[in-house]
Each structure stands twice: as C-alpha cells, then as structure tokens.
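Biologist: Please take a close look at one part of this model. I would like to know how that part is built and how it sits with the rest.

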Amino acid sequence: MLKKMSMYQIATLICALVVLICASLSFAYPNDNQRFTMLNQLFLGLMLLFSGISELKAKRMFAAIANFGVSLFIIFVMLYTL
C-alpha cells in the first residue's frame, strides 16, 4: 500500500494520524487542552497543505486551491492565537 503512495500522500497520512492522536488525547485530558489544540491545528494545516500539493500534482486545481486556502487559514489562526 505504501509503495504506491507518493511522498506527499504518506506525509498526509502521518499528519492525519497525529491529528487523530491529539484529538483523542484532548478528550482524555481536558485540562491540557491548549497544548493539544495547538498541535492539532498545526498538523491539520500541514495535512491539508500536503493534500493540496498532491492534488496539484494530479492536476485537480479546484481541490488544490481549496486545500491551500483552508490550510493557510488554519495555520494563520494557530499563529495568531500563540
């Protein structure tokens, strides 16, 4: 399965797993919510950035632009709330 995937798709998968782990830990430990929220936003933004790059390589422009826009917004919000 991993042999057929490009580098950006593997990075997207890794970021998605980190987002799932951070979200689960955020529910398990509600007192440390700020740290998990920042990590969750960072890796969600990176996941959409890598997904946008792989969509761009596949010549799907609308999906790529949408992924880039949402990714930049999420990363901007994360940096603004630091």
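Modeller: The part chosen is helix H3, and the account then moves outward from it.

This is a predicted model, in which local features need pLDDT of at least 70 and side-chain atom pairs count only at pLDDT 80 or more, while totals for chains, interfaces and linings use all residues. Residues are numbered from 1 along each chain as its sequence is written, and side-chain values use heavy atoms, with hydrogens and water left out.

For context, the protein chain has three helices and zero strands, where helices (H or I, at least four residues) and strands (E, at least two) are DSSP runs numbered from the N terminus. The order of elements from the N terminus is α-α-α. The C-alpha trace spans about 45 × 30 × 15 Å along its principal axes.

Helix H3 covers residues 61-80, which is 20 residues. From its first C-alpha to its last it reaches 28 Å, close to the 28 Å expected at 1.5 Å a residue; the expected span is 1.5 Å times one less than the number of residues. The residues buried in H3 are Ala 64, Asn 67, Ser 71, Ile 74 and Met 78. These five lie on the same side of H3 because they cover an arc of only 105 degrees around the axis, the arc being that of the directions from the helix axis to the C-beta atoms. Buried here means under 20% relative accessible area, exposed means over 50%, and partly exposed lies in between (1.4 Å probe, protein chains only).

The opposite face of H3, turned away from the buried side, carries the exposed residues Phe 62, Ile 65, Leu 72, Phe 73, Phe 76 and Tyr 80. The buried residues of H3 pack against helix H2 (33-57), with contact meaning heavy atoms within 4.5 Å.

H2 has 25 residues, so at 1.5 Å a residue it should span 36 Å, and its end C-alpha atoms are indeed 36 Å apart. Its buried residues are Phe 36, Gly 45, Met 47, Leu 48, Ser 51, Gly 52, Ser 54 and Glu 55. These pack against both H1 and H3.

The loop between H2 and H3 contains Lys 59. This residue, just after H2, takes a positive phi of about 65 degrees, although Lys 59 is not a glycine. Most residues other than glycine have a negative phi. Lys 59 counts as exposed, at 68% relative accessibility.

Next to be placed is Arg 60, whose side chain meets that of Glu 55 in a salt bridge at 2.6 Å, N to O. A salt bridge is a side-chain nitrogen of Lys or Arg within 4 Å of a carboxyl oxygen of Asp or Glu. By this rule the count comes to one. The two partners differ in cover: Arg 60 is partly exposed at 46% relative accessibility, whereas Glu 55 is buried, with a relative accessible area of 16%. Lys 3 is 57 residues from Arg 60 in sequence and 22 Å from it in space, C-alpha to C-alpha. Lys 3 sits in the segment before helix H1 (7-28) and is exposed, at 84% relative accessibility.

The other neighbour of H2 is H1, and two residues of H1 show where they meet. Thr 12, in H1, is buried at 17% relative accessibility. Beyond its neighbours within four places in sequence, Thr 12 is in contact with Met 47, Phe 50 and Ser 51; Met 47 and Ser 51 are among the buried residues of H2. Ser 26 also lies in H1 and is buried, again at 17% relative accessibility. With the same neighbours left aside, Ser 26 is in contact with Asn 33 and Phe 36.

Across the whole protein chain, residues 24 or more positions apart account for 52% of the contacts with a separation of 6 or more. Buried residues make up 23% of the 82 residues. The chain exposes about 5,900 Å², and carbon and sulfur atoms supply 74% of it; accessible areas come from the Shrake-Rupley method with a 1.4 Å probe, and for residues only the protein chains shown count as cover.
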